[in-house]
Amino acid sequence: MTAQLYPDYIWHNGAIKPWAEATVHVMAHALHYGSSVFEGIRSYATPQGTIIFRLTDHLKRLYHSARVYDIAMPYTPDQLAQACRDVMHANGLTQAYLRPIAFRGLGGFGLSAETPTDVAIAAWPMGPYLGPEALENGITACVSSWQRVAPNTIPMGAKAGGNYLSGQLIAREARRLGFGEGIALAHTGLLSEGAGENLFLVFNGALHTAPVSAALLNGITRDTLMTLAHANGIVVLERDLPREYLYLADEVFMCGTAAEITPIRSVDGKPVGAGRAGPVTRRMQELFFGLFDGRTKDEWGWLERV
């Protein structure tokens, strides 16, 4: 196994410091109870220079997640936006993945204990999340035996650390069974999302995706693709989707900040369409990656300069 290469610097509680010095006490609240909220953000090299994609929208969601869990934020969104830029500069990065995280630190030991909030922002180079060939050749997927939580149990609309225990079970089961990624059903038995990605199905040239009520995170990449599709005459339908539609769809793909737009070539061993990325998936990849090479005009102010 290749050793993980860490960046030189990280932003931690208000300052850039060496990576190894960003430490947390073993009795920190978040370590025991999952009381953290975070974001995954990508930066890209473009003809106009390095940009951070939808930085403002990602940080807005970070603060919304913190509000759900009553995690007090000791910095303003503008301060964290600058911190993202600072850690990029400190590590000399262009194409990178950024991870802002806010969590309850060392304080009381009870579930409702009042603790200080620690905040960190890391940035490191990262290629395609699901493998170097995934964007071109697609991946295999399976429907997981683990379902997403029911409404009014854990708020899946918040991007909280504890929510990703579910994703770990789904992803690890898929890998153990030899698949590239897992797909979760909601408590209703209808489609929800991937282990850490949103899901789109294509029927007759139209995009179909489950609604946010299906225990899924309303992903920023999901929103980006829906916006790009509408702007380019591609129909988008948010609707309940039964499991068997995975086997009947013309195309299926996953999306997310890390996964970007990853085609799914088979589900549960059944080929999706022709068993490779289809024309609508390819078109959505062109529109999305076109934002970063100039083919797609940024009409929404998503490209934020470093």
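This report describes selected residues and two helix pairs in a predicted model.

## Histidine 58 in helix H2

Histidine 58 sits in helix H2, which spans residues 55-68. Its relative accessibility is 1%, so histidine 58 counts as buried, the limit being under 20%. Beyond the residues within four places in sequence, the contacts of histidine 58 are Glu39, Gly40, Ile41, Phe53, Ile220 and Thr257.

Glycine 40 also takes part through its backbone: a polar atom of the histidine 58 side chain lies 3.4 Å from the backbone oxygen of glycine 40.

## Helices H2 and H3

The helix that holds histidine 58 also packs against helix H3, residues 77-91. The two axes come within 10 Å and cross at roughly 125 degrees. An angle of this value falls outside the ranges for parallel, antiparallel and perpendicular packing, and H2 and H3 are therefore oblique to each other. The crossing of H2 past H3 is right-handed.

On the H2 side the contact involves Leu55, Leu59, Leu62 and Tyr63. These residues meet Pro77, Leu80, Ala81, Cys84 and Arg85 of H3. By class, the residues of the contact of H2 with H3 comprise 8 nonpolar, no polar and 1 charged.

## Asparagine 198 in strand E11

Asparagine 198 is part of strand E11, residues 198-203. With a relative accessible area of 5%, asparagine 198 is buried. Its side chain forms a polar contact of 3.2 Å with the side chain of glutamate 193.

Glutamate 193 is also among the residues that asparagine 198 touches when those up to four places away in sequence are not counted. The others in that list are Leu216, Leu217, Asn218, Gly219, Arg222, Phe253, Met254 and Cys255. As a distance reference, the C-alpha atoms of asparagine 198 and arginine 283 are separated by 18 Å, and the two residues are 85 residues apart along the chain.

## Threonine 281 in helix H8

Threonine 281 belongs to helix H8, which covers residues 279-293. At 0% relative accessibility, threonine 281 counts as buried. Not counting residues up to four places away in sequence, threonine 281 touches Glu251, Phe253, Ile261 and Pro263. Phe253 is also touched by asparagine 198.

The C-alpha atoms of threonine 281 and leucine 98 are 26 Å apart. Along the sequence, these two residues are 183 residues apart.

## Helices H6 and H8

Helix H6, residues 220-231, packs with H8 at an angle of about 105 degrees, and their axes are 10 Å apart. This angle lies in the 65 to 115 range, so H6 is roughly perpendicular to H8. H6 contributes Thr221, Thr224, Leu225, Leu228 and Ala229 to the contact, while H8 contributes Met284, Leu287, Phe288 and Leu291. Sorted by class, the contact of H6 with H8 has 7 nonpolar, 2 polar and no charged residues.

## Threonine 296 after helix H8

Threonine 296 lies in the loop between H8 and strand E17, residues 303-305. Its relative accessibility is 10%, and threonine 296 therefore counts as buried. Leaving aside neighbours within four places in sequence, threonine 296 is in contact with Leu228, Glu286, Leu287, Gly290 and Leu291.

Several of these names recur from the helix pair above: Leu228 of H6 and Leu287 and Leu291 of H8 take part in the contact of H6 with H8. With leucine 287 there is also a polar contact to the backbone, as the side chain of threonine 296 reaches the backbone oxygen of leucine 287 at 2.8 Å.

## Residues with positive phi

Asparagine 152 has a positive phi of about 65 degrees although it is not a glycine. Asparagine 152 is located in the loop between strand E8 (139-143) and helix H5 (164-176). With a relative accessible area of 82%, asparagine 152 is exposed, the cut-off being over 50%.

Glutamate 260 likewise has a positive phi, near 55 degrees, and is a residue other than glycine. Its place is in strand E15, residues 260-267. At 5% relative accessibility, glutamate 260 counts as buried, whereas asparagine 152 is exposed.

Methods:
Residues numbered from 1 in each chain as written. Predicted model: local features only at pLDDT ≥ 70, side-chain atom pairs only at ≥ 80, totals over all residues. Heavy atoms only, no water. Helix = DSSP H or I, 4+ residues; strand = E, 2+ residues; numbered from the N terminus. Buried < 20%, exposed > 50% of the residue type's maximum accessible area, 1.4 Å probe, protein only. Polar contact = N/O pair within 3.5 Å; in protein donor to acceptor, adjacent residues only side chain to side chain. Contact = heavy atoms within 4.5 Å. Axes fitted to C-alpha atoms, helices over the stretch in contact; angles between N-to-C directions. Parallel < 35°, antiparallel > 145°, perpendicular 65-115°, else oblique. Left-handed = near helix turned anticlockwise from the far one by under 90°. Nonpolar A, V, L, I, M, F, W, Y, C, P; charged D, E, K, R; others polar.
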